[in-house]
Amino acid sequence: TPPVAAAGGIYPAGFKMTEPARAALRSALATAGTAFAVGACHVPQPFLAVLAAQLTAGIAFSGSGGFARRLAASWAGTLLGLGLLTALPDQTFVSLPAFGILCGFLPRAIANRFGLAEAILFCMGLCGMFAAGIVYPEAGLIIGTAHAISLGFAVALTFLAQQVFSIDPASAIREAASGWELGASAVGALVAACAIFPDLAVVATIAALATALTLTSGTGGITAKLAGGLLGTLASYVFLIIVSGAGNDVAVFLLGLAAVIGGFEWGAVKRPALSVLFRQAGALFAVAATILPRPEASVAAPTERLLAVLLGIAVAAAVHFAVCWKRE
């Protein structure tokens with residue numbers, strides 16, 4: 001049978017790939033490709049780029065300029081964080097409220113104007129620069145710039161994955177939480193992380209903002225987020241044990257990473273009622289299971305990252321619960 005172009009690639013005539021399968025393959029290609037790229041370049045904290053790919057792979061690029069807008073959003077956040085650090089050096093009691101205001105209102109405006117993916121990348125760029133600069137003033141510029149570069153890898157690989165495995169343009173979500181909720185989540189997570197996990201302040205802050213941006217109205221989403229976090233934690237430990245038993249082979253790692261994250265995305269699309277749970281599990285797995293470029297490292301570092309992410313989720317969930325309780 002002569003091959004024909006079908007959604008997501010070249011297949012025999014009459015073949016039709018289901019949307020859950022396309023979604024799984026998109027997410028798998030985007031995350032595994034990003035992990036390989038940032039690992040090969042030895043980018044600091046490469047799991048953040050994999051997380052960015054996992055969070056945005058299921059959101060369609062809006063229009064012909066979507067690629068440029070996502071890159072611009074990540075760099076705009078980075079430069080804004082740098083400007084905040086430069087304008088208010090060693091003035092934490094001023095810079096923290098300013099950071100909260102920026103996190104509260106700009107991501108919401110970006111999400112409503114362009115889409116959720118641009119808002120997430122903006123937040124990751126802003127937190128990557130500002131949180132790193134707060135903890136390590138001398139190295140913050142280098143670390144923040146490296147984060148912005150790694151986000152560029154995620155945008156490029158996500159774009160490639162969506163070209164290979166087509167996506168419904170209607171998947172561009174434009175709703176966002178209230179500005180107060182976003183700002184309080186970001187500042188609360190940053191302060192808590194500086195006290196408990198100073199080396200992972202960026203991770204906790206990004207986790208809090210990403211959680212606040214994607215929580216649905218009401219308190220039901222909190223339970224799904226926490227359940228997904230536990231599922232992702234369990235999956236990451238099982239995965240790391242298997243990869244370690246396979247001799248930390250990079251090919252095994254990349255294939256396993258793609259299979260697990262793709263599986264979670266398949267479940268999210270196949271069972272929309274459980275999409276929050278599956279995608280949260282995928283996000284936790286992306287953070288904890290990304291061990292490149294040092295696959296021989298112990299599980300201590302992934303465990304610390306998991307705890308930092310769970311801290312961020314807990315802060316965002318607490319703020320969201322307080323907002324819902326006040327409304328009621």
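How many aromatic pairs does the count come to? In this predicted model, the count comes to 5 aromatic pairs.

**Aromatic contacts**

Let's begin with one of those pairs. Phe99 and Phe130 have ring centres 4.5 Å apart and planes at 10°, so this pair is stacked. Phe99 belongs to helix H4 (residues 92–113) and Phe130 to helix H5 (residues 116–135), so the pair ties together parts that are 31 residues apart in sequence. Both Phe99 and Phe130 are buried.

Elsewhere, Phe61, Phe67 and Phe159 make up one aromatic cluster. Phe61 also has a charge for company: the charged end of Arg70 sits over the Phe61 ring, 3.7 Å from the ring centre.

**Cysteines**

How many disulfides does a search of the whole structure find? The search finds 0. Cys103 and Cys127 are worth a look here, and the reason they stay unbonded is a matter of distance. The sulfur of Cys103 has its closest cysteine sulfur in Cys127, 4.9 Å away, which is too far for a bond; a disulfide would need the two sulfur atoms within 2.5 Å. Seen from the other side, Cys127 is in no disulfide either, with the sulfur of Cys103 as its nearest cysteine sulfur. Is each of these residues buried or exposed? The table gives the values.

| Residue | Relative accessibility | Class |
|---|---|---|
| Cys103 | 0% | buried |
| Cys127 | 0% | buried |

**Helix H7**

Helix H7 (residues 179–196) offers a neat check on geometry. With 18 residues at 1.5 Å a residue, H7 should span 26 Å, and its end C-alpha atoms are 26 Å apart, which agrees. Which residues of H7 are buried? They are Gly179, Glu181, Leu182, Gly183, Ser185, Ala186, Ala189, Leu190, Ala192 and Ala193. When reading such a list, it helps to recall that an α-helix has 3.6 residues a turn, so residues three or four places apart point the same way. Within H7, Ser185, Ala189 and Ala192 are among the buried residues.

**Confidence**

Finally, a word on how far to trust the coordinates. The mean pLDDT of the protein is 83, and 87% of its residues reach 70 or more. Where is confidence lowest, and where is it highest? It is lowest in strand E1 (residues 3–6), at a mean of 41, and highest in helix H1 (residues 19–40), at 93. Over residues 1–10 the pLDDT is below 50, although this stretch has 22 contacts in the model beyond near neighbours in sequence. Where pLDDT is low, the predicted coordinates should not be read in detail.

Technical notes: Residues are numbered from 1 along each chain as its sequence is written. This is a predicted model: local features need pLDDT of at least 70, side-chain atom pairs count only at pLDDT 80 or more; totals for chains, interfaces and linings use all residues. Side-chain values use heavy atoms; hydrogens and water are left out. pLDDT is the predictor's confidence in each residue, from 0 to 100. Helices (H or I, at least four residues) and strands (E, at least two) are DSSP runs, numbered from the N terminus. Contact means heavy atoms within 4.5 Å. The expected span of a helix is 1.5 Å times one less than its number of residues. Buried means under 20% relative accessible area, exposed over 50%, partly exposed in between (1.4 Å probe, protein chains only). Rings of Phe, Tyr and Trp (its six-membered ring) pair if their centres lie within 6.5 Å; planes under 30 degrees apart count as stacked, over 60 as edge-to-face and the rest as tilted. A charge sits over a ring if NZ of Lys or CZ of Arg is within 6 Å of the ring centre and within 35 degrees of the ring normal.
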